[in-house]
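Q: Please take a close look at one part of this structure and describe how it is held by its neighbours. Then set it beside other pairings and packings in the chain.

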Amino acid sequence: MKIAEIRSRVVRWRGKADPLPPHFCTNPMDMLDLPEASMRTFTFHAWLIVEVFTDDGHVGLGNAALAPQITKQVIDLYLKPLLIGQNPWDIERLWQHMYRKTMAFGRKGVGMVAISALDIALWDLLGKSAKQPVYRLLGGRTKTRIPVYASRLYSVGLSELAEEAKRYKDEGYEAMKLRFGWGPADGASGMQRNLELVQAVRDAVGEGTDVMADAYMGWTLDYAKRMLTLLEPFHLRWLEEPVIPDDIHGYAELKSDGRIPIAGGEHEFTLYGFRELLEARALDYIQFDTNRVGGITQARKIAALAEAHSVPVIPHAGQMHNYHIVMASLNSPMAEYFPLVNVEVGNELFWYIFQGEPKSKEGYISLDDNTPGLGLSINEAALEQFEVIE
């Protein structure tokens with residue numbers, strides 16, 4: 001079996017998108033004095049789809065959601081020529097070739113996102129070739145089904161927020177995550193607004209439901225330290241990305257405080273990046289995203305390293321590439337799950353592009369032993385709602 005062709009497409013949503021209200025979610029741009037809602041910087045209404053074709057008729061499917069047009073260029077110009085004619089079963093060597101060939105510019109960020117998309121497609125290909133689900137290639141099933149937490153609860157009106165949280169509880173979720181709306185630029189009054197968000201969710205679901213909260217890189221270390229004290233009575237399962245990802249020492253200081261577990265890693269890359277985080281004792285939960293971190297080839301190594309440090313892995317985002325990692329790892333107690341909603345931030349676009357994503361039932365998702373590969377296909381008919389860039 002040889003790789004015969006690689007096809008990459010960027011699909012950009014051209015339908016209606018729900019507007020984001022002010023203070024929808026904190027983010028790193030909040031530190032700047034900007035004329036418009038800074039969260040718009042972090043919306044993404046386009047997606048990259050990559051297909052790897054073999055000479056014996058198999059097709060592997062991968063994807064990426066960050067900077068898709070640039071990612072496509074990296075794939076088409078730098079990575080595709082390395083893979084054509086190669087045996088996809090040599091997956092470790094292929095990963096190392098892509099990594100080392102692009103090391104001068106691709107160790108982190110878009111370069112690694114491009115490698116991730118191709119690596120996911122290669123694992124999907126291997127599963128289809130072996131007629132096995134990918135998680136079985138990674139070691140097999142460690143749980144009968146995967147607990148998932150509802151991940152939305154953006155900063156909106158308190159009654160609306162409470163109603164949404166209560167709905168998730170009624171649907172069977174035993175955990176859910178909210179987003180903070182205010183950061184350092186909003187002062188002490190913004191802190192109180194953040195506390196009101198947490199209070200609304202906690203009152204709606206009670207103490208018997210895990211509640212997590214995400215600052216999405218929008219706080220400083222000083223602000224986060226002050227917020228930890230105020231948030232402690234709410235018994236959060238974790239505080240996510242309280243500071244920018246480069247501030248490893250800041251993460252370590254917050255973790256050492258011991259008031260609230262600290263989660264992060266969504267914007268970190270490769271085994272080396274997570275070795276630094278683990279050696280610094282910076283995180284209580286690791287949250288890499290497989291389609292950013294270096295694909296399944298890197299995700300499985302990071303999962304093993306985290307297990308050796310007794311740090312649980314709960315990948316960022318839903319999607320099948322993350323679910324297969326969770327299924328194959330005893331150290332992954334649950335997964336994130338983005339409910340299907342109207343297009344807003346962009347997290348939900350995969351529901352519109354792909355077929356085969358499992359839907360949550362009573363707070364769990366299941367993977368099928370008899371579906372080879374990742375279990376996804378492209379919803380070509382739905383792509384009529386997108387601008388397609390070949």
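**Strand β4 and its surroundings**

A: S151 of β4 stands opposite K177 in strand β5. The model is a predicted one. This residue pair belongs to the pairing of β4 with β5 (residues 175–179), in which the two strands run parallel and are joined by 2 bridges.

Strand β10 (residues 335–337) also pairs with β4 in the parallel sense, here over 3 bridges. Within that pairing, Y149 has E336 of β10 as its bridge partner. The pairing with strand β12 (residues 364–365) is antiparallel and has 2 bridges. There I146 is matched with I365 in β12.

Burial can be read from the accessible area, with residues under 20% relative accessible area taken as buried. Strand β4 covers residues 146–151, and 5 of its 6 residues are buried, so the strand is largely enclosed by the rest of the structure.

Elsewhere in the chain, an open sheet of 4 strands has the order β3-β2-β1-β14, with antiparallel pairing. Its edges are β3 (59–64) and β14 (386–389), each of which pairs on one side only. On average, and ignoring direction, neighbouring strands of this sheet are turned by 25° against each other. Within the sheet, β1 (residues 3–13) and β2 (residues 46–54) run antiparallel and are joined by 9 bridges. R12 stands opposite A46 of β2. Helix α4 (residues 110–130) packs on this sheet and touches β1, β2 and β3, and the direction of the helix makes about 150° with that of β3.

A helix pair gives a further view of packing in the chain. Helix α10 (residues 270–279) packs with helix α12 (residues 295–308) at an angle of about 20°, and their axes are 9 Å apart. Angles under 35 degrees count as roughly parallel, and α10 and α12 are therefore roughly parallel to each other. Their crossing is right-handed. On the α10 side, the residues in contact are T270, L271, F274, R275 and L278, and they meet Q298, K301, I302, L305 and A306 of α12. Sorted by class, the contact of α10 with α12 consists of 6 nonpolar, 2 polar and 2 charged residues.

To return to the strand in question, β4 is paired in the parallel sense with β10, runs parallel to β5 and runs antiparallel to β12.

Notes
Residues numbered from 1 in each chain as written. Predicted model: local features only at pLDDT ≥ 70, side-chain atom pairs only at ≥ 80, totals over all residues. Heavy atoms only, no water. Axes fitted to C-alpha atoms, helices over the stretch in contact; angles between N-to-C directions. Parallel < 35°, antiparallel > 145°, perpendicular 65-115°, else oblique. Left-handed = near helix turned anticlockwise from the far one by under 90°. Contact = heavy atoms within 4.5 Å. Nonpolar A, V, L, I, M, F, W, Y, C, P; charged D, E, K, R; others polar. Pairing = 2+ DSSP bridges. Buried < 20%, exposed > 50% of the residue type's maximum accessible area, 1.4 Å probe, protein only.
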